[in-house]
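Reader: Hey, I've got a structure to look through and I'm pretty new at this. Can you walk me through it if I just throw questions at you?

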Amino acid sequence: MKLRRLSSLADAESGEAGLGNGSLALAGGTEVVPLLRDGLLAADTLVDVRGVLPREITPYDGGVRIGAGTTLTELEHADTAARVPDALREACRLSASPQIRNMGTIAGNLLQATRCWYWRLGHDCWLAGGEKCLARDGRSDEHAVFGNSRCASAHPSDPAAALLALGATVRTSRRDLPIADLYRLPTDDDRTVTALEPGELILEIDVPRPAASTYLKAMDRKRYAFALVGVAAVRSGESDEVGEDVRVALAGVAPVPWLVESHNGDAVGFGDATPLPGSAYKIELAQALIRRAKDAISETV
Ligand SMILES: Cc1cc2nc3c(=O)[nH]c(=O)nc-3n(C[C@H](O)[C@H](O)[C@H](O)COP(=O)(O)OP(=O)(O)OC[C@H]3O[C@@H](n4cnc5c(N)ncnc54)[C@H](O)[C@@H]3O)c2cc1C
Ligand code: SF4
């Protein structure tokens with residue numbers, strides 16, 4: 001396998017030598033390297049994009065622009081002048097270990113693959129191109145409760161749920177994409193979970209400034225674990241009602257970050273959940289965390 005370092009962003013799109021022709025972007029490498037090692041990803045060439053990705057946190061009127069190469073540590077420790085919303089800073093702080101946060105970029109985090117152990121161990125499950133989802137008849141306690149008719153993997157990114165609730169927009173090398181459109185449930189025709197095209201690079205993320213926001217995370221141990229359920233709640237005005245000024249998004253409950261539906265100010269949609277036998281507990285957990293998160297961002301606190 002070859003390693004190529006980009007000297008300019010223009011090189012990323014330059015035909016044969018560019019990204020997307022059997023090549024793969026490498027940022028912090030905390031996800032790419034283990035997946036290549038385990039044979040879950042294949043590439044002729046690794047294209048190191050770290051030197052050309054924007055890596056600043058720049059406040060603007062009404063929000064903050066985050067370079068795709070910014071690390072989770074840099075977001076976690078951004079000073080108040082940088083105006084990174086609390087939900088995003090907290091989601092970064094609660095992600096992974098300090099070593100991984102030092103290397104891992106925000107773009108790489110958004111594009112990480114599922115942690116489903118059947119897929120990670122190389123089983124021929126539906127997501128890997130096989131016939132069926134092995135979690136349905138196997139262990140399913142870390143799996144999804146929504147959107148899981150084909151694949152029941154639980155989206156692992158804490159920052160993605162925060163950015164979804166915050167209504168962020170991703171700027172790529174080809175277009176602007178609301179974060180809600182970056183992700184898609186996999187189908188029989190396309191088993192990927194993002195809308196990015198081959199060779200398309202995330203360059204920046206624009207995050208509107210909320211009135212208040214928070215991120216809460218339930219884990220099976222106190223640190224360094226993926227979310228059983230993560231809840232991001234964001235208030236953009238004076239109302240404390242979900243669906244009015246409050247948006248809530250979840251990690252760990254669906255194959256993609258999940259926006260919670262609302263009715264008359266309450267979080268709803270849990271009646272439509274389709275948990276596997278092991279994952280039903282996540283519904284109660286999510287509801288309890290949503291209540292706490294709403295209280296934490298309430299105008300009246
Ligand atoms: C042990 C462990 C625990 C973890 N725990 C958590 C956790 O609790 N919560 C959580 O949210 N995350 C967690 N993570 C995920 C971690 O945050 C990511 O691995 C990291 O952020 C990925 O960033 P990276 O720069 O290393 O990505 P890379 O490994 O370099 O890349 C990841 C993917 O993104 C692509 N890519 C990278 N940059 C770009 C770009 N700019 N444009 C287009 N494609 C790009 C790569 O081609 C690759 O497909 C954990 C990871 C590990 C290994
Ligand atoms: S949840 Fe998805 S990744 Fe896991 S076994 Fe089922 S199809 Fe495969």
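Reader: Which residue forms a salt bridge with E200?

Author: That would be R175, and the closest N and O atoms of the pair are 2.7 Å apart. Before we go on, keep in mind that this is a predicted model.

Reader: Okay, noted. Where do E200 and R175 sit along the chain?

Author: E200 is in the loop between helix 9 (179-182) and strand 8 (202-208). R175 is in the loop between strand 6 (169-172) and strand 7 (176-178), so the salt bridge ties together parts that are 25 residues apart in sequence.

Reader: And is E200 buried or exposed?

Author: E200 counts as buried, at 6% relative accessibility. R175 comes out as partly exposed, at 27%.

Reader: Why does 6% get called buried?

Author: Because buried means under 20% relative accessible area, and E200 has 6%.

Reader: Got it. How many salt bridges does the structure hold?

Author: There are 19. One of them is between the side chains of D48 and R5, with an N to O distance of 3.4 Å. That pair links distant parts of the chain: D48 belongs to strand 3 (residues 45-48) and R5 to strand 1 (residues 2-5), 43 residues apart.

Reader: What about burial for D48 and R5?

Author: D48 is buried, with a relative accessible area of 4%, whereas R5 is exposed at 58%.

Reader: Why do side chains like that pair up at all?

Author: Side chains of opposite charge can pair when their charged atoms come close.

Reader: Any others to look at?

Author: Try E74 and R55, which form a salt bridge with the closest N and O atoms 2.8 Å apart. E74 sits in helix 3 (residues 72-76), while R55 is in the loop between strand 3 and strand 4 (57-60), so parts 19 residues apart in sequence are tied together. E74 is partly exposed at 30% relative accessibility, and R55 is partly exposed too, with 48%.

Reader: New topic! How many residues of helix 8 are buried?

Author: Nine of its nine, so to speak a full house: helix 8 (residues 158-166) is mostly covered, because all nine of those nine residues count as buried. Among them are D158, P159, L163 and L166.

Reader: What happens at the start of helix 8?

Author: There, a side-chain oxygen of S157 reaches to within 2.9 Å of the backbone nitrogen of A160. After helix 8 comes G167, which has a positive phi, near 70°.

Reader: Which residues are on the covered face of strand 6?

Author: V170 and T172. The uncovered face has T169 and R171.

Reader: How does strand 6 run relative to strand 7, parallel or antiparallel?

Author: Antiparallel, with three bridges joining them. V170 has L177 as its bridge partner in strand 7, and a hairpin joins the two strands through three residues. Strand 6 is also joined to strand 8 by four bridges, again antiparallel. On that side, T169 has D206 as its bridge partner.

Reader: Cool. What about aromatic rings, how many pairs are there?

Author: A search of the whole structure finds three aromatic pairs. In one of these, W117 and Y118 have ring centres 6.0 Å apart and planes at 50°, so the pair is tilted. W117 is partly exposed at 22% relative accessibility, and Y118 is buried at 14%.

Reader: Which residues form an aromatic cluster?

Author: F146, W258 and F270 form one.

Reader: Last thing, the ligand. How many residues surround ligand 1?

Author: 31 residues do, and the closest are A25, G28, T30, T105 and D158. Strand 2 (23-26), helix 6 (106-110) and helix 8 each supply at least two residues of that shell.

Reader: Which side chains have polar atoms by an oxygen of ligand 1?

Author: T30 has a polar side-chain atom 2.6 Å from an oxygen atom of ligand 1, and N109 has one 3.0 Å from an oxygen atom of the ligand. With Q112, a polar side-chain atom lies 3.2 Å from a nitrogen atom of ligand 1.

Reader: And how much of ligand 1 does the protein cover?

Author: The protein covers 90% of the 990 Å² of accessible area that ligand 1 has on its own.

Methods:
Residues are numbered from 1 along each chain as its sequence is written. Chains are lettered from A and ligands numbered from 1 in the order in which they are written. This is a predicted model: local features need pLDDT of at least 70, side-chain atom pairs count only at pLDDT 80 or more; totals for chains, interfaces and linings use all residues. Side-chain values use heavy atoms; hydrogens and water are left out. A salt bridge is a side-chain nitrogen of Lys or Arg within 4 Å of a carboxyl oxygen of Asp or Glu. Buried means under 20% relative accessible area, exposed over 50%, partly exposed in between (1.4 Å probe, protein chains only). A polar contact is a pair of N or O atoms within 3.5 Å; within protein, one must be able to donate a hydrogen and the other to accept it, and residues adjacent in sequence count only if both atoms are side-chain atoms. Two strands pair if DSSP finds at least two bridges between them. Rings of Phe, Tyr and Trp (its six-membered ring) pair if their centres lie within 6.5 Å; planes under 30 degrees apart count as stacked, over 60 as edge-to-face and the rest as tilted. A residue is near a molecule or strand if one of its heavy atoms lies within 4 Å of it. Accessible areas come from the Shrake-Rupley method with a 1.4 Å probe; for residues, only the protein chains shown count as cover.
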